[in-house]
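Colleague: I'm new to this structure and don't know where to start. Could you pick one part and take me through it closely, along with whatever sits around it?

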Amino acid sequence: MAYSTAQRSPVSSRAAVLQGSSLGELLLLARRRHAIDLAVGTPGYPEPSADLLKAAADAMQAGRNQYDHPSGDLLLRERIAETLTPGADPHTELTITVGATEALCVALLATVDPGDEVILLDPGYEQFRAAVALAGAVPRFVPLHPPTWRYDPADLAAAFSPRTRAVLLNSPANPTGRVLDHTELDEIAALCERCDATVICDEVYGTYVFDGRPSLSVSEVPGLAERSIVVGSLSKSHAISGWRLGFLRADAVRTEALRRVHELTTNGAATPLQVAVGMAALSMDLRIATEQMGRCRDMAQTIFSRLGMKFAPAEGGCYLFADVSSLTGGQHGGKQFVLELLDEAGVLLAPGAPFFADPARGEQYVRIAFNRQTDVLREVEHRILGG
Ligand SMILES: Cc1ncc(COP(=O)(O)O)c(C=O)c1O
């Protein structure tokens, strides 16, 4: 019997909705223009420590080139556990992943079923929406309001329902620079408890929290801790985004499920690189890196406020999220502004629209990555403000 497949797409519907990075075309233009790139989050500051680079070469020379435990090198898990508050059991509560990117997909696939609802704060990291779509889940967006990018508690409460399976948070946040405070996390905890929802919190920028604010993990908040999956990464804290090392922290029951999914997605991150960070990671002083990142933020804030942008100071992370409407006179959007700045000053910023569920809400915003060396930021100042 012949089957008719004439109408069948070669692409699954869950892949068809994925849009890919919004920055590709701009990055090509920037390269041609020899522009300074403040659009991508790739760390220009800090630099990977020399100890770390040597440890990676040593691990390869020493023969650590084959599969290792899929849940991750035990020494690395122990080292990461020591950095967490409260501490985690490296045997049963930590899994090393191929960056936070894999960790996010694994967390969603292990937590939600197709059709379940996942609550997202909006604007947010572009990949969250894509990962929710890939899991077949339904996003419920809670708007964040400028200039401080807080949610209205009534909107948050209204987003929860018996269909809510998970809440996907990010603190410190990309792109807004917000750090969720205790009051917000307590509110979220109360709602999650009522709906028995899991909290997945992307804390990849947790090292970078400014102005003496506490860097609060969901695993420290009663009501959230016991229902949380923390997504972490070494990409930004140790400036090794190309090594693709991240991790998942969750209770033992959730970790079992996370590890089963992770064994299917990648079956483990690169062995010698895990070994290297396990051997050398603690040689990097993250407190100094945080102080320096705070100075980078201050420089970026000075430069772009002098240019006339409006923004709330970044509380953490590596980004300013700025309103450019006073510069465009409301005549055109953030993307046009980005193209003009690229053309006139040779500096590339990221348009804000792709961070919003409804891009029209983001038309007047741009994102500025400030995890760059001081001399790069000085050159940006020179190009933009002259002098
Ligand atoms: C909020 C957020 N989560 C995750 C990632 C990706 O992290 P990784 O390099 O560990 O995959 C990024 C990268 O910019 C990010 O901004």
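**The sheet and its surroundings**

Modeller: In this predicted model, the centres of domain 1 and domain 2, taken over C-alpha atoms, are separated by 24 Å. Those two come from the domain assignment: domain 1 is made of two stretches, 13-47 and 286-385, while domain 2 covers 50-283. Where they touch, 34 residues of domain 1 meet 32 residues of domain 2. On the domain 1 side of that contact, the elements that give two or more residues are α11 (286-307) and β10 (319-323). Of these, α11 gives the most, with 6 residues. Sorted by class, the domain 1 side has 18 nonpolar, 9 polar and 7 charged residues.

Now for the part I'd zoom in on: the sheet. Eight strands make up an open sheet with mixed pairing, and if you walk across it you meet β2, β9, β8, β7, β6, β3, β4 and β5 in that order. At the edges are β2 (94-97) and β5 (150-151), each of which pairs on one side only.

Let's start at the β2 end. β2 runs antiparallel to β9, and 4 bridges join the two. As a landmark, look for Thr97, which stands opposite Gly246 in β9. Next along, β9 and β8 also pair in the antiparallel sense, this time over 5 bridges. Here Val230 is the residue standing opposite Arg249 in β9. Then the direction changes: β8 (228-233) and β7 run parallel, joined by 4 bridges. Val230 turns up again here, as the bridge partner of Cys201.

β9 is worth a pause. 5 of the 5 residues of this strand (246-250) are buried, so β9 is largely enclosed by the rest of the structure. In a regular strand, side chains alternate between the two faces of the sheet. Both faces of β9 are covered: Gly246, Leu248 and Ala250 are buried on one side, and Phe247 and Arg249 are buried on the other.

That brings us to the core. In soluble globular proteins, nonpolar side chains tend to be buried together. The largest nonpolar core here has 115 residues, and those with the most contacts inside it are Ala107, Leu108, Val231 and Ile368. Helix α5 supplies the largest share, 9 residues. Because domain 1 and domain 2 both give residues to this core, it lies between them.

Val231 is a good place to see sheet and helix come together. Leaving aside residues up to four places away in sequence, Val231 touches Ala100, Ala103, Leu104 and Ala107, then Ile200, Cys201, Asp202, Glu203 and Val204, and finally Gly246 and Leu248. The last two of these contacts, Gly246 and Leu248, are on one side of β9.

Now follow α5 to the ligand. The shell around the ligand has 13 residues, and the closest are Gly99, Ala100, Thr101, Ser233 and Ser235. α5 (99-111) gives the most to this shell, with 3 residues. Ala100, then, is one of the closest residues to the ligand and also a contact of Val231. By class, the shell divides into 3 nonpolar, 9 polar and 1 charged.

A few loops around the sheet have unusual backbone geometry, so here's the background. Most residues other than glycine have a negative phi, and most peptide bonds are trans. Now the exceptions. Asp122 and Pro123 are joined by a cis peptide bond, with omega about 15°, and Pro123 sits in the loop between β3 (117-122) and α6 (126-134). A cis bond also links Ser171 to Pro172, with omega about -10°; look for Pro172 in the loop from β6 (164-170) to α8 (182-195).

For phi, check Asp196, where the value is positive, about 55°, although this residue is not a glycine. Asp196 belongs to the loop between α8 and β7 (198-202), and it is exposed, with 10 other C-beta atoms within 10 Å. Asn267 also has a positive phi, near 55°. You'll find Asn267 in the loop between α9 (252-265) and α10 (271-280), exposed as well, with 11 other C-beta atoms within 10 Å.

Terms used. Residues numbered from 1 in each chain as written. Predicted model: local features only at pLDDT ≥ 70, side-chain atom pairs only at ≥ 80, totals over all residues. Near = placed C-beta within 6 Å. Nonpolar A, V, L, I, M, F, W, Y, C, P; charged D, E, K, R; others polar. Buried ≥ 20, exposed ≤ 12 C-beta atoms within 10 Å, placed from the backbone. Domains from an automatic or database assignment. Contact = placed C-beta atoms within 7 Å. Pairing = 2+ DSSP bridges. Core = buried A, V, L, I, M, F, W, Y, C linked by C-beta atoms within 7 Å.
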